[in-house]
Amino acid sequence: MKKIMMTLAAAIVAVSASAQVYVGGTVGFLGSKSNADNAKTATKFEINPEVGYNFSDSWAVGVNVGFGSEKGTWKDNGYGSAGDGEKAITTFTVAPYARFTYAKLGNVSLFLDGKVSYTTKKDDYNEYGVNIVPGVAFAASDKVSFVAKMGNGLGWNQMKDKNSDTKFNRFGLDVNSLSALEFGMYFNF
């Protein structure tokens, strides 16, 4: 038993010595104006703090916790919307992930995040997802990195309306939407 405990302690020390913790995240803002009948103006703000742990040069785990707020003026579209007027919507997201860095080119690293996510939009819907998201990181120094992630990547998402049994399932590759492009910064410790 003593040998097992000593081996386990040595393994933990070895992993801890080569591991790095990073914190950071992304921030987004989107404003829109439309002459469509069911949407006139909208303003959306998101903040997505993130913390992660590098086990090696190739593997890391982390969690992204997102908060969003969307405020706009909508018209009743006859499909269960809240009706004419201004509406404020808040969202909360939790998305743990495992990151695999598959290529390093100097200060640039290419990675894939395998994530499981849960999003809730107050009084509207819950969304669940399993996705593989491509990304790129640029190490400006040993302590600061800039990152970009592309869309929802490859995966499955399901939105379920909180007020009915309506479900919307989506499966596929989503990397072409510039509105889903995320930019952020990490501080490495």
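**Salt bridges and the nonpolar core**

Five salt bridges are counted in this predicted model. Side chains of opposite charge can pair when their charged atoms come close.

One of these bridges joins Asp113 to Arg99. Their closest N and O atoms are 2.6 Å apart. The pair links distant parts of the chain, with Asp113 in strand E5 (residues 108–121) and Arg99 in strand E4 (residues 85–105). The two residues are 14 residues apart. Asp113 and Arg99 are both buried.

Asp113 also forms a salt bridge with Lys149. Here the closest N and O atoms are 3.7 Å apart. Lys149 lies in strand E7 (residues 144–149) and Asp113 in strand E5, so this bridge ties together parts that are 36 residues apart in sequence. Lys149 has a relative accessible area of 7% and is therefore buried. The relative accessible area of Asp113 is 3%, so Asp113 is buried.

A further salt bridge connects Arg170 and Glu127, with closest N and O atoms 3.3 Å apart. Arg170 lies in strand E9 (residues 167–174) and Glu127 in strand E6 (residues 125–139), so the pair ties together parts that are 43 residues apart in sequence. Arg170 has a relative accessibility of 33% and so counts as partly exposed. Glu127, in contrast, is buried because its relative accessible area is 13%, under the 20% cut-off. Shared partners join salt bridges into one network, made up of Glu50, Arg99, Asp113 and Lys149.

The nonpolar residues were examined next. In soluble globular proteins, nonpolar side chains tend to be buried together. The largest nonpolar core in the model has seven residues. These are Tyr22, Ala60, Tyr97, Phe111, Ala137, Val147 and Tyr186.

Phe111 belongs to this core. Residues up to four places away in sequence are not counted among its contacts. Phe111 touches Arg99, Phe100, Thr101 and Tyr102. Val133, Pro134, Gly135, Val136 and Ala137 are also in contact with Phe111, as are Ala148 and Lys149. Arg99 and Lys149, which Phe111 touches, are also members of the salt-bridge network. Ala137 is a fellow member of the core.

Thr101, one of the contacts of Phe111, lies in strand E4. Its relative accessible area is 15%, so Thr101 is buried. With neighbours within four places in sequence left aside, Thr101 is in contact with Asp57, Ser58, Ser109, Leu110 and Phe111.

Conventions
Residues numbered from 1 in each chain as written. Predicted model: local features only at pLDDT ≥ 70, side-chain atom pairs only at ≥ 80, totals over all residues. Heavy atoms only, no water. Core = buried A, V, L, I, M, F, W, Y, C linked by side-chain atoms within 4.5 Å. Buried < 20%, exposed > 50% of the residue type's maximum accessible area, 1.4 Å probe, protein only. Contact = heavy atoms within 4.5 Å. Salt bridge = Lys/Arg side-chain N within 4 Å of Asp/Glu carboxyl O. Helix = DSSP H or I, 4+ residues; strand = E, 2+ residues; numbered from the N terminus.
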